[in-house]
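Visitor: Got a minute? I'd like to go through this one with you.
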Amino acid sequence: MSFEIGETVEVIGNEDGMEGSYFRGQVIDRSPGRRTIRYQNLLADDGSHLEEVISVRRLRPPPPTVLARFHLGDMVDAWHNEGWWVGMYVHREGQKYTVFFENEAPANQHVSYPKAQIRVHQEWKELEEGGKWKYVKR
């Protein structure tokens, strides 16, 4: 994908403690193989939206919204610490869905979220059919 100026993207976390995370932002500048991103929810020390130059390999389009019924063991993304974090759905009690995070921050924790804060985990496969979303179930 070309990721044009003004386009909304998700940045794939790859630093220590950020693996398995996705942070939403907007492309504000382009250069060969790189894009400058203004994050939607991450803030700089001065309170402004954080901006960062990112390799296009760490970018993906935002996944489509999928209305789904979650099953135990399904991989999900949970809204946590200003981004989406990959975990496993393990329990539901009333309107709260419990997600287990194995390797990512918050590591080895069970955290409960309202349904609005979890989504079906999907992986972007750019090289397949010009770009395709794949569901990662169990």
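Guide: Sure, here is a quick run through the fold, the surface and the confidence.

Visitor: Is this predicted or what? What sort of model is it?
Guide: It is a predicted model.

Visitor: How many helices and strands?
Guide: The protein has 12 strands and 0 helices. Read from the N terminus, every element in the run is β.

Visitor: And how compact is the protein?
Guide: Its radius of gyration is 16 Å, and the globule rule gives 14 Å for 138 residues. Those values are close, so the protein is as compact as a globular protein of that length.

Visitor: What box do the C-alpha atoms fill?
Guide: Roughly 45 × 40 × 25 Å, along the principal axes.

Visitor: Contacts next. How many join residues at least 24 apart?
Guide: 41%, counting contacts between residues at least 6 apart in sequence.

Visitor: What share of the residues is buried?
Guide: Buried residues are 36% of the 138.

Visitor: And the exposed area, how much of that comes from carbon and sulfur?
Guide: Those atoms supply 49% of about 8,200 Å².

Visitor: Switching to charge. How many positive and negative side chains?
Guide: There are 18 positive and 21 negative. The centres of the two sets lie 8 Å apart.

Visitor: What about confidence? What's the mean pLDDT?
Guide: The mean is 89. Of the residues, 93% reach 70 or more.

Visitor: Which elements have the lowest and highest mean?
Guide: Strand 12, residues 132–135, has the lowest mean pLDDT, at 85. Strand 2, residues 21–31, has the highest, at 97.

Visitor: What should not be read in detail?
Guide: Predicted coordinates where pLDDT is low.

How values were computed
Residues are numbered from 1 along each chain as its sequence is written. This is a predicted model: local features need pLDDT of at least 70, side-chain atom pairs count only at pLDDT 80 or more; totals for chains, interfaces and linings use all residues. Side-chain values use heavy atoms; hydrogens and water are left out. Helices (H or I, at least four residues) and strands (E, at least two) are DSSP runs, numbered from the N terminus. The radius of gyration is taken over C-alpha atoms; the globule rule is 2.2 Å times the number of residues to the power 0.38. Buried means under 20% relative accessible area, exposed over 50%, partly exposed in between (1.4 Å probe, protein chains only). Contact means heavy atoms within 4.5 Å. Accessible areas come from the Shrake-Rupley method with a 1.4 Å probe; for residues, only the protein chains shown count as cover. Lys and Arg count as positive and Asp and Glu as negative; His and the chain ends are not counted. The place of a charge is taken as NZ of Lys, CZ of Arg, CG of Asp or CD of Glu. pLDDT is the predictor's confidence in each residue, from 0 to 100.
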